[in-house]
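Here are a few exercises to work through with the model open in your viewer. Try each task before you read its solution.

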Amino acid sequence: MILSKLRLFPAPEQRRQTLAALRSVQGPTQAEPSCSAAQVYEEDGPGAAILYVEEWDSESEFREHVRSELYRRVLAAVDLSKSAPEVRFYDVSHVQGLELVQQIRDSGRGVAPAVKPRTEHD
């Protein structure tokens, strides 16, 4: 899985334009078969950033997306950041859910995991 995370810092007068650019990409990107998420978040407080996150199941399709005309809108939003944007791409090979929290908490107390492993008979 490829996780793309862009944290942008637009000037107040360019905030709406930045959000509009990212939201115009969000729907079409989510419609791509190997895109599992495309989300726009707004932070609160002074200097509030805008966060744009994409999750892709296929690295090759993510690369194709970055080369697309649609992604030019994302790059235009990056250009509106008044200070250096935080741009990160993660190649994730292993994903766990809430079971990891339970496993960590249980192992720290010497308690056997409450989640019963599945067997062939289950």
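Contact here means heavy atoms within 4.5 Å. One thing before you start: this is a predicted model, where local features need pLDDT of at least 70 and side-chain atom pairs count only at pLDDT 80 or more, while totals for chains, interfaces and linings use all residues. Residues are numbered from 1 along each chain as its sequence is written, and side-chain values use heavy atoms, with hydrogens and water left out.

**Exercise 1. Get an overview of the chain: its elements, its contacts and its burial.**

Start with the elements, taken as DSSP runs numbered from the N terminus (helices are H or I with at least four residues, strands are E with at least two). You should find 4 helices and 4 strands, in the order β-α-β-β-α-α-β-α from the N terminus on.

Next, take the contacts between residues at least 6 apart in sequence: 64% of them join residues at least 24 apart.

Last, burial. Buried means under 20% relative accessible area, exposed over 50%, and partly exposed in between (1.4 Å probe, protein chains only). Of the 122 residues, 31% count as buried.

**Exercise 2. Work out the strand order of the sheet and see which helices pack on it.**

Two strands pair if DSSP finds at least two bridges between them. Applying that gives an open sheet of 4 strands, ordered β2-β3-β1-β4 with antiparallel pairing. β2 and β4 are the edge strands, each pairing on one side only. From one strand to the next, the twist averages 10 degrees.

Now zoom in on β1 and β3, which pair in the antiparallel sense over 7 bridges. Here Arg7 stands opposite Leu51 in β3.

For the helices, fit axes to C-alpha atoms (for helices over the stretch in contact) and take angles from 0 to 180 degrees between N-to-C directions. α2 packs on the sheet, touching β1, β3 and β4, and its direction makes about 135 degrees with that of β3. α3 also touches β1, β3 and β4 as it packs on the sheet, with its direction at about 35 degrees to that of β1.

**Exercise 3. Find the largest nonpolar core and say which elements feed it.**

A nonpolar core is a set of buried Ala, Val, Leu, Ile, Met, Phe, Trp, Tyr and Cys residues joined through side-chain atoms within 4.5 Å. The largest one has 19 residues, and Leu6, Leu8, Leu22, Val40, Tyr52 and Val74 touch the most other members. At least two residues each come from β1 (2-8), α1 (15-30), β2 (35-42), β3 (50-56) and α3 (69-79). The largest share, 5 residues, is from α3.

Then list the neighbours of Val40, not counting residues up to four places away in sequence: Leu19, Leu22, Arg23, Gln26, Ile50, Leu51 and Tyr52.

**Exercise 4. Count the aromatic pairs and classify the one between Phe62 and Phe89.**

Rings of Phe, Tyr and Trp (its six-membered ring) pair if their centres lie within 6.5 Å; planes under 30 degrees apart count as stacked, over 60 as edge-to-face and the rest as tilted. By this rule you get 2 aromatic pairs. For Phe62 and Phe89, the centres are 5.7 Å apart and the planes at 55 degrees, so this pair is tilted. The partners sit 27 residues apart, Phe62 in helix α2 (residues 59-66) and Phe89 in strand β4 (residues 86-91).

Check burial too: Phe62 has 9% relative accessibility, so it is buried, whereas Phe89, at 45%, is partly exposed. Together with Trp56, Phe62 and Phe89 form one aromatic cluster.
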